[in-house]
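Thanks for making time this morning. I would like to walk you through one model, so please have a look at the structure before I go on.

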Amino acid sequence: MKKLILITLLSIGVLAVKAQDNTYPTAEQRAKALTELMDNKLNLDDAQQGLVAELNLRYAKKVDEISATDAVKSEKAQKVSALNDAKEKELKSILSGPQYTKYVEMKEDFIEKMAD
């Protein structure tokens, strides 16, 4: 369960820090921060940057929609996890094999750090 929550956090783009006014980043801010991180770590080309940016934004907005529902946390986590699986499938078609492998390693490192 802990791993599911950590994967969910990563998929949401919680890599962005809370804004100074103590509000959480918008979907656009989270998507931009995640895209920049991915660009820096994966050396995306221009075409990939555009596709990854669109993908991150689309899924960040979907996560916000799920978060805004009255569902219990476990239901939300399951829905976000399913959303993450769909996102990963699309991402795999955008990235090269080595880039996707590095992305998975990056995600696993993040999960390990959050679990400690």
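The crossing of α2 and α3 is right-handed, and I should say at once that this comes from a predicted model. Helix α2 covers residues 27-42 and helix α3 covers residues 46-67, and the two pack at an angle of about 145°, with their axes 8 Å apart. If you want to find the contact on your screens, look on the α2 side for A27, E28, R30, A31, L34, T35, M38 and D39, which meet Q49, V52, A53, N56, L57, A60, K61 and D64 on the α3 side. Sorted by class, the residues of this contact are eight nonpolar, three polar and five charged.

Let me stay for a moment with one of the residues in that contact, Q49, which has its place in helix α3. Is Q49 buried, partly exposed or exposed? With a relative accessible area of 29%, Q49 counts as partly exposed, because that value falls between the 20% limit for buried and the 50% limit for exposed. Leaving aside neighbours within four places in sequence, Q49 is in contact with T35, D39 and L44. The C-alpha atoms of Q49 and E36 are separated by 8.7 Å, and these two residues are 13 apart along the chain.

Between α2 and α3 there is a loop, and N43 has its place there. For those of you who check backbone torsions, N43 has a positive phi of about 50°, although N43 is not a glycine. N43 is also exposed, with a relative accessible area of 60%.

Now to the aromatic residues. How many aromatic pairs does a search of the whole structure find? The search finds one, and the pair is formed by Y100 and Y103, in a tilted arrangement with 6.0 Å centre to centre and 35° between the planes. Both tyrosines lie in helix α5, residues 97-115, where they are three residues apart, about one turn of the helix. As for their surroundings, Y100 counts as buried at 16% relative accessibility, and Y103 is buried as well, with a relative accessible area of 6%.

The same two tyrosines come up again when we turn to E88, which is found in helix α4, residues 73-94. Not counting residues up to four places away in sequence, E88 touches Y100, Y103 and K107. Despite being a glutamate, E88 counts as buried, because its relative accessibility of 8% is under the 20% limit.

One further tyrosine deserves a mention, and here the partner is a lysine: the charged end of K62 sits over the ring of Y59, at 4.9 Å from the ring centre.

Finally, let me step back to the whole chain. The protein has five helices and zero strands, so that, read along the sequence, the pattern is α-α-α-α-α. Of the 116 residues in the protein, buried residues make up 37%. If we take the contacts between residues at least 6 apart in sequence, 63% of them join residues at least 24 apart.

To return to where I started, what is the handedness of the crossing of α2 and α3? That crossing is right-handed, and the contact there brings together nonpolar, polar and charged residues, with Q49 from α3 among them.

Notes: Residues are numbered from 1 along each chain as its sequence is written. This is a predicted model: local features need pLDDT of at least 70, side-chain atom pairs count only at pLDDT 80 or more; totals for chains, interfaces and linings use all residues. Side-chain values use heavy atoms; hydrogens and water are left out. Rings of Phe, Tyr and Trp (its six-membered ring) pair if their centres lie within 6.5 Å; planes under 30 degrees apart count as stacked, over 60 as edge-to-face and the rest as tilted. Helices (H or I, at least four residues) and strands (E, at least two) are DSSP runs, numbered from the N terminus. Buried means under 20% relative accessible area, exposed over 50%, partly exposed in between (1.4 Å probe, protein chains only). A charge sits over a ring if NZ of Lys or CZ of Arg is within 6 Å of the ring centre and within 35 degrees of the ring normal. Contact means heavy atoms within 4.5 Å. Axes are lines fitted to C-alpha atoms, for helices over the stretch in contact, and angles run from 0 to 180 degrees between N-to-C directions. A crossing is left-handed if the near helix is turned anticlockwise from the far one by less than a right angle, and right-handed if clockwise. Ala, Val, Leu, Ile, Met, Phe, Trp, Tyr, Cys and Pro count as nonpolar, Asp, Glu, Lys and Arg as charged, and the others, Gly among them, as polar.
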